Amino acid sequence: MKPEELSVPISIRLNAGLLSALTDAAGQPVPESEISRAAGLSGLRLEREADRLRMLGYRIEKSRAGLRLAASPDLLYPDEVRHRLDTRIIGREVVVYRKVGSTNDVAWQLAADGAEEGLVVLAEEQTSARGRMGRKWFSPIGGLSMSIILCPDPPAGHATVITLAAAVAIARAVRSTGCNATIRWPNDVLIDGRKVAGLMIETRSAKLLQGVFILGIGVDVNCDDFPEELHGIATALCRHAAMEIRRVDVARSILRAFDELYGQILQGNDTSIGEEWMAMSSTLGQRIAIIRNGRIYKGEVVDMDPSAGLMVRLDSGFVRSFKGEHVTVVK
């Protein structure tokens, strides 16, 4: 990795007590005396911490009734991502960069340096993001770009089910905004047939990194300026949600859901993941063409198995399985 591709992590600290008191009030004023008790802040320090949040982009209004959080910036601060995340593995540590080449590359470097499983890397902007099979990934400002270090034990056979779990976690998060998200095998989340999110799993053969997976996730949240070639193909949450969406809320929602599902995988209880994936799938029952090793297979998707992959009844009449990491689904 080139030195200029790895910027200094954002280390801005937010006062968790003050932030909790204001966000829990859901836009209503909170008496300063109540905030002081809950956050352990004296009157003068409370004012200083409120001013500090204002400088970071939080709109805090003061009245006789107290302090009110009128608006929050759509920026990624590590403390806010971790705020009440309450996960067991995923997100135990969160690092955020303003600009990197690729969050996956940063995650690989941190893994090589000994970072623990569950570390999450986020970036406000990526300059050389990539998708599956080396494809270029459009990663504009306003999107959510993150990578997660995973070390499943045993590692063998987990790539497919982790992909399914991540897709389900993303779809849950999108649905929580009021949008009807569906999953297209193996790694796309759609709204009204257009791609709003994607994910990829990477492994490396270096001895130090054997057994390590990097899960890369990209969600188009508040980016609404797509290149011409993506018109009609991609979309953003802000185009469909009935409410204002902040990337930090989407990130927390994904991390919480994935932590739950990843825990099931580690315990060997992944059946329900496949069932939930199938309930959200836009692929089951569809006629598709699959390119594998230069050969085209055509047929109808009849089932899906977390281990075997996509089950397709080919035109020849045979049912064959295709794993997501080895095939490309063609419309």
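## A tour of the sheet, its helices and the β10–β12 strands

Start in β12, where R313 is the bridge partner of E300. This is a predicted model. Now show the two strands that carry this pair. They are β11 and β12 (residues 309–314), paired in the antiparallel sense over six bridges.

**Next, β10 and β11.** Select residues 287–292 for β10 and residues 295–305 for β11. This pairing is also antiparallel, and six bridges hold the count here. Click I290 and look across to β11: its bridge partner is Y297. Then go to the turn. The hairpin of β10 and β11 has two residues between the strands. N293 takes a positive phi there, near 55°.

**Helix α8.** Select residues 271–280. Which residues of α8 are buried? Colour I273, G274, W277 and M280. They cover an arc of only 130° around the axis, so they sit on the same side of α8. An α-helix has 3.6 residues a turn, so residues three or four places apart point the same way. Now colour T271 and A279. Both are exposed, on the other side of α8.

What do the buried residues of α8 pack against? Show α6 (159–175), β6, α7, β11 and β12. β11 and β12 are the strands paired at the opening stop.

**The open sheet.** Seven strands make up this sheet, and the pairing is mixed. Step through them in order: β3, β4, β5, β9, β8, β7, β6. Stop at the two edges, β3 (94–100) and β6 (181–184). Each has a single partner strand, so one side of each is left without a neighbour in the sheet. Turn the view to follow the twist, which averages 20° from one strand to the next.

**Inside the sheet, β7 and β8.** Select residues 188–191 and residues 194–202. These strands, β7 and β8, run antiparallel and are joined by four bridges. Pick L190; opposite it in β8 stands K195.

**Helices on the sheet.** Add α5 (residues 103–112). It lies across β3, β4 (120–126), β5 (144–150), β8 and β9 (213–219). Its direction runs at about 25° to β5. Then add α7 (residues 247–266), which packs on the sheet and touches β4, β5 and β9. The direction of α7 makes about 25° with that of β5.

Finish on α7 with α8 still shown: α7 is one of the elements that the buried residues of α8 pack against.

Conventions:
Residues numbered from 1 in each chain as written. Predicted model: local features only at pLDDT ≥ 70, side-chain atom pairs only at ≥ 80, totals over all residues. Heavy atoms only, no water. Pairing = 2+ DSSP bridges. Axes fitted to C-alpha atoms, helices over the stretch in contact; angles between N-to-C directions. Contact = heavy atoms within 4.5 Å. Buried < 20%, exposed > 50% of the residue type's maximum accessible area, 1.4 Å probe, protein only. Arc of directions from axis to C-beta.
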